[in-house]
Amino acid sequence: MLAAIATLTDRLQQALVSAFGPELADADPVLVPASKPEFGDYQANGAMALAKRLKNKPRAIAEQIVARLEVGDLCEPPEIAGPGFINLRLRPAYLEAQLKVLQRDERLGVAPVQDPHKAIVDFSSPNIAKEMHVGHLRSTIIGDSIARVLEFMGHDVLRLNHVGDWGTQFGMLITHLQDVCPAALADDSQVDIGDLVAFYKQAKQRFDEDEDFKGRSREAVVGLQAGDATARAAWQVLCDQSRQAFQKIYDRLDICLTERGESFYNPLLPTVVADLEQQGLLVEDQGARVVFLEGFTNKDGDPLPLIVQKSDGGFNYATTDLAAIRYRTQQDGAERVLYVVDAGQANHFAQVFQVAARAGWVPTGVELTHVPFGVVQGEDGKKFKTRSGETVRLQDLLDEAVKRARADLESRIQAEGRNETEAFIAQVAEIVGLGAVKYADLSQNRTSNYIFSYDKMLALQGNTAPYLLYAYVRVQGISRKGGIDFTQLGDNAAIHLEDDSEFALAKHILQLDEVVNEVAQDLLPNRLCQYLFELSQKFNQFYDRCAVLQAAEPQRTSRLMVCDLTARTLKLGLSLLGIAVLERM
RNA sequence: GGGCCCUUAGCUCAGCCGGAUAGAGCAACCGCCUUCUAAGCGGUCGGUCACAGGUUCGAAUCCUGUAGGGCCUGCCA
């Protein structure tokens, strides 16, 4: 109800000016949602703040504002409470009219932005030859949801997967591949390295223990960077293998990404360094080429450097990120770049952004933002590891989620004496299981650290995806049972709200536009989760208290429309979280 | 040493650009299926919002300090 908020704020300001003169035109009426339903729908807290300025009692000020306030078209007569709160309650007729507007609106009241921009969301970013683990899950799911919200708002979004496909570790991987699987280089299409994690570990172990291997690995890095055909072929095999594994997970999670890995920027790195030098930002220090940072100091209080070229001549990830910033602002024309990366890299991004800005690579109006999320911790509060010392593989987590959802579903089916096909069971288990995993991650404030719990991640009770899905299913059940086609309810039919639970539900439905705008602004999908959870709660209360199909007309049609609006809101909201809905479960 | 973040119910977490009596889920306990799927609804229990000051008409929320925890701090990404 952004429109209602804007109108009420406007009217309150007019009342302020009318009561106290034009010098109050700048005063904020502080209109916020009511803290409790008993107080109405909105409260204006501005009177208290104005007490000192107007040298009057806040309650008297509130009375004068209310005396001049014209909101009769939207609200019941305003009430003054406590020290000087002005409580506003929307009129049923207004709510009913607004619901009718939503009923005809596919976007459910969420207007696209007036000034769409080109945005890049950089997320997921797994490393080649390593398994995706729960840490990548956060970036992947949060990044996807943020991208979906921005897309829905009408922005032009480029989803980039900045995969770790370059760097010194590839020396050992290439060398190891050449040793154990020379056939891979002859015909890259027919090779299956198998367990890439084990492969990575073996390579690492040899690198640490075998001097000869270490030397050959270093040569392989040089070869790869120089474009040596053999090294390049081996690298390609490794990337393809990993890419296939990643893609399986992305497909399963319904996540769309454009791969543009670190290797993409490799040819641009020398120019980055050369340009920094030309601008006089580059300094040689201890054999490396660095830019000294403003506002970052080391243990001795001296400025900290950002190394852009190592003493051995190689480049590192700061150089790559600088090249990426240049490419994204200049070639892609991005006006906003969002990096959905864990909070541990906050310093890195602050440093890289600073150097990019000083180098003039961030045009005015272009915004680079690190969108951090908390680290995944084990139950001991330390960095997450399973008992065996391995991080949890994402694939195993997803499999387990679906398995548990399936077991839960099967026991229900048996208890209820239902007869369902294997296809139905498999589909429901997949959507419920994966939805639960996504929701578990998204429903938490992304900035908080994250204590990983298998049971919590896979829970199916309480504030979880299945709870929201179930509310949706209940509406579809009404439609099936009553033979109702929600699209044919008729434009002429009126919505009339009666029960308290019906009002609460209706008001909540009307708030979708506020929430989606807030999420687009703050990039916090947990706000949307909270909204959808509350929507489901309010629907379940309504469902419990109000018969729909058995209700007499015209109430029956009115309630059907409310049900339809609830389901459509759930479906749209869940789609912005990347979660699918079900007709039955 | 410096920087950033965190500390809210037994557990996991919301709330944090100041507003009225601090919320939810889980766990525990008590009710509710002849009526649209009970993956539901209602109720009970549960708090020194880490601690100490400060600002304010008003602080979980803003500021300072203390304690505890996490992350980062020059050639990994």
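Here's a quick tour of how the protein meets RNA strand B, plus one β-α-β unit. Keep in mind that this is a predicted model. There are 71 residues around RNA strand B, and 60% of the strand's atoms within 4 Å of the protein belong to sugar or phosphate.

**Who sits around the RNA**
- Of those 71 residues, Glu 262, Asp 285, Lys 310, Tyr 317 and Tyr 470 come nearest to RNA strand B.
- Sorted by class, the surface near RNA strand B has 28 polar, 26 nonpolar and 17 charged residues.

**Which elements build that surface**
- Helix H20 (525-545) gives the largest share, with nine residues.
- Several other elements supply at least two residues each, among them helices H2 (46-54), H14 (394-415) and H17 (465-482).
- Strands S4 (85-88), S9 (288-297) and S10 (303-309) also chip in at least two residues each.

**Polar contacts to look up**
- For a base contact, go to Ser 35: an N or O atom in the Ser 35 side chain is 3.2 Å from a base nitrogen of RNA strand B.
- At Asn 445, a polar backbone atom is 3.1 Å from a phosphate oxygen of the RNA.
- Ile 478 also uses a polar backbone atom, this one 3.4 Å from a sugar or linking oxygen of RNA strand B.

**The β-α-β unit**
- Strand S11 (residues 336-342), helix H13 (residues 346-358) and strand S12 (residues 367-373) make up a right-handed β-α-β unit.
- S11 and S12 pair in the parallel sense, with seven bridges between them.
- If you want a spot to start from in that pairing, Val 341 stands opposite Pro 372 in S12.

How values were computed: Residues numbered from 1 in each chain as written. Chains lettered and ligands numbered in written order. Predicted model: local features only at pLDDT ≥ 70, side-chain atom pairs only at ≥ 80, totals over all residues. Heavy atoms only, no water. Near = heavy atom within 4 Å. Polar contact = N/O pair within 3.5 Å; in protein donor to acceptor, adjacent residues only side chain to side chain. Helix = DSSP H or I, 4+ residues; strand = E, 2+ residues; numbered from the N terminus. Nonpolar A, V, L, I, M, F, W, Y, C, P; charged D, E, K, R; others polar. Pairing = 2+ DSSP bridges. Right-handed = clockwise from strand over helix to strand, strands pointing away.
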